[in-house]
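Welcome, and thank you for taking a look at this structure with me. Please have the sequence and the 3D view open as we go from one part to the next.

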Amino acid sequence: MVRRRLPSSAAPAPAALDDDDILFEILRRLPPLPSSLPRASLVCKRWRRLVADPHFLRRFREHHRKPPILGFFSQSVDVIEFTPALDSPDSIPSSRFSLQLDDPNRCKIVDCRHGRVLFIDSERFYFVVWAPVTGERRRVGFPLSFLGKDKKWVKNGAVVCAASEQGHVHGGCHSSPFQVVLLGTGDHREGVFACVYSSETCTWGNAISVLWPQNISAICSDCASTLVGNSIFWFLLGRSFGILKFDLGRQSLAAIELPSRAVDFDAWCRNECRFLITPADGGGLSFLYLSGFSAQVWKWKASCNGGAGWMLGRNVDLNNLLSLKAGVNTRAPEIMGMAEDDNTMFLSTNVGDFVLHLESMQFKKFSVIMSDCYGINYPFRSFYSAGS
């Protein structure tokens with residue numbers, strides 16, 4: 001066999017990492033954790049230039065689609081707390097996401113979504129939207145339709161990203177436009193009011209209202225909103241219970257009553273049960289009712305005659321599922337927060353905190369001890385590079 005020798009002028013095949021396109025594809029598959037890109041940037045100037053390029057960052061977010069949960073925001077009597085959710089080297093120091101409010105005793109956190117946190121001050125009639133990653137804050141007064149002679153008391157609200165470009169990924173959109181939906185109540189006969197603020201136009205829309213369902217008279221001010229599809233949902237309460245739906249596209253309000261057998265009013269008054277609005281399997285609306293170690297999952301289903309109603313989906317024994325070894329000293333789980341993007345809830349027990357995926361019913365023990373201030377923890381999702 002005659003071996004043919006390559007001409008001396010023939011260049012060797014380039015190494016894979018010498019090809020910018022291949023390197024681009026490798027680096028954008030790094031985990032979407034705070035330390036990933038800063039570590040890559042330390043390899044050499046070429047890598048640093050690549051991972052800092054806006055085009056790369058956009059493709060990096062598009063590849064991962066869902067940013068990690070960096071931590072949780074909660075509120076005590078006079079302070080807004082941030083609890084990191086990741087282990088070192090990705091843990092974000094609590095001081096990095098700290099906010100000095102004008103009066104933390106009056107200003108209350110009511111929502112956290114798409115990289116922003118929403119606070120309202122119902123006594124001085126304004127809200128604050130804060131982007132922790134950039135530090136940007138915007139303070140806006142309540143709409144005039146809430147401040148006239150028939151003043152509305154703001155009870156809750158929600159913040160959502162308003163970016164509409166194709167392929168947009170939430171969590172890296174700290175400079176994109178946003179919308180704030182405020183919920184207010186006036187005289188009982190007037191029902192519930194909603195008004196939408198647009199950061200793009202710096203204007204308020206018209207007030208939208210819906211009458212109270214029978215035996216319902218209040219918006220739960222200590223319950224977080226849930227975004228399902230293009231609609232936001234809140235919990236309504238009274239002698240019976242319901243869900244308030246705001247359709248962002250249609251700019252409409254609707255009240256959905258819950259089945260009377262689904263929620264025990266007396267147990268709610270004794271603080272012995274919890275309620276959570278969640279996305280349903282495959283889309284749609286569900287709610288979870290937690291009492292003791294037992295959880296019921298109800299689904300909103302369309303009927304064959306064009307109507308819709310609630311159906312009990314399943315019962316879950318959390319004691320067996322989480323292997324809590326129920327006994328005299330075992331405390332029933334409490335719902336501490338909800339991550340609507342992947343339909344997971346965070347449960348607190350006296351033997352540890354758990355993350356439970358509601359569709360698969362898979363769970364894991366959480367290494368972070370969540371704050372029990374007011375019983376609400378708002379998960380904060382965002383793409384973030386350590387040292388930014």
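**A walk through strands and rings**

Let us begin with strand 3, residues 108-113, where 5 of the 6 residues are buried, so that the strand is mostly covered. Keep in mind that this is a predicted model. Strand 3 has a partner in strand 4, residues 116-121: the two pair in the antiparallel sense, with 5 bridges. One place to see the pairing is Arg113, whose bridge partner in strand 4 is Arg116. Between strand 3 and strand 4 there are 2 residues, and together the strands form a hairpin. In the turn you will find His114, with a positive phi of about 55°.

Farther along the chain is another set of strands to explore. How many of the residues of strand 15 are buried? In strand 15, which spans residues 241-247, 6 of the 7 residues are buried, so the rest of the structure largely encloses this strand. Strand 14, residues 231-238, runs antiparallel to strand 15, and 7 bridges join the two. Among the paired residues is Ser231, which has Asp247 in strand 15 as its bridge partner. The hairpin from strand 14 to strand 15 passes through 2 residues.

Strand 15 is also joined to strand 16, residues 252-257, by 6 bridges, and these two strands run antiparallel. Here Ile243 has Ile256 of strand 16 as its bridge partner. The hairpin of strand 15 and strand 16 has 4 residues between the strands, and Gln251 takes a positive phi near 55° there.

Now let us turn to the aromatic rings. A pair of such rings is described by how far apart the centres are and by the angle between the planes. The count for this model comes to 23 aromatic pairs. Take Phe24 and Phe56: their ring centres are 5.3 Å apart and their planes meet at 85°, which is over the 60 degrees needed, so the pair is edge-to-face. Because Phe24 belongs to helix 1 (residues 20-27) and Phe56 to helix 4 (residues 54-64), the pair ties together parts that are 32 residues apart in sequence. Both Phe24 and Phe56 are buried.

A second edge-to-face pair is made by Phe127 and Tyr197, at 5.6 Å from centre to centre and with 70° between the planes. Phe127 lies in strand 5 (residues 126-131) and Tyr197 in strand 9 (residues 192-198), so this pair connects parts that are 70 residues apart in sequence. Are these two residues buried or exposed? Phe127 has a relative accessible area of 0% and is buried, and Tyr197, at 4% relative accessibility, counts as buried as well.

Some rings join up in a group: Phe73, Phe82, Phe97, Phe119, Trp130, Phe380 and Tyr384 are linked by ring pairs into a cluster. Charged side chains meet rings too. Arg139 lies over the face of Tyr126, 3.6 Å from the ring centre, while Lys152 has its charged end over the ring of Phe193, at 4.6 Å from the centre.

Our last stop is Asn343, in the loop between strand 21 (334-339) and strand 22 (344-349). With a relative accessible area of 4%, Asn343 is buried. A polar atom of the Asn343 side chain lies 2.9 Å from the backbone oxygen of Pro279. Leaving aside residues up to four places away in sequence, Asn343 touches Thr278, Pro279, Met338, Leu356, His357, Leu358 and Glu359.

Terms used: Residues numbered from 1 in each chain as written. Predicted model: local features only at pLDDT ≥ 70, side-chain atom pairs only at ≥ 80, totals over all residues. Heavy atoms only, no water. Phe/Tyr/Trp six-rings, centres within 6.5 Å; stacked < 30°, edge-to-face > 60°. Buried < 20%, exposed > 50% of the residue type's maximum accessible area, 1.4 Å probe, protein only. Lys NZ or Arg CZ within 6 Å of the ring centre and 35° of its normal. Pairing = 2+ DSSP bridges. Polar contact = N/O pair within 3.5 Å; in protein donor to acceptor, adjacent residues only side chain to side chain. Contact = heavy atoms within 4.5 Å.
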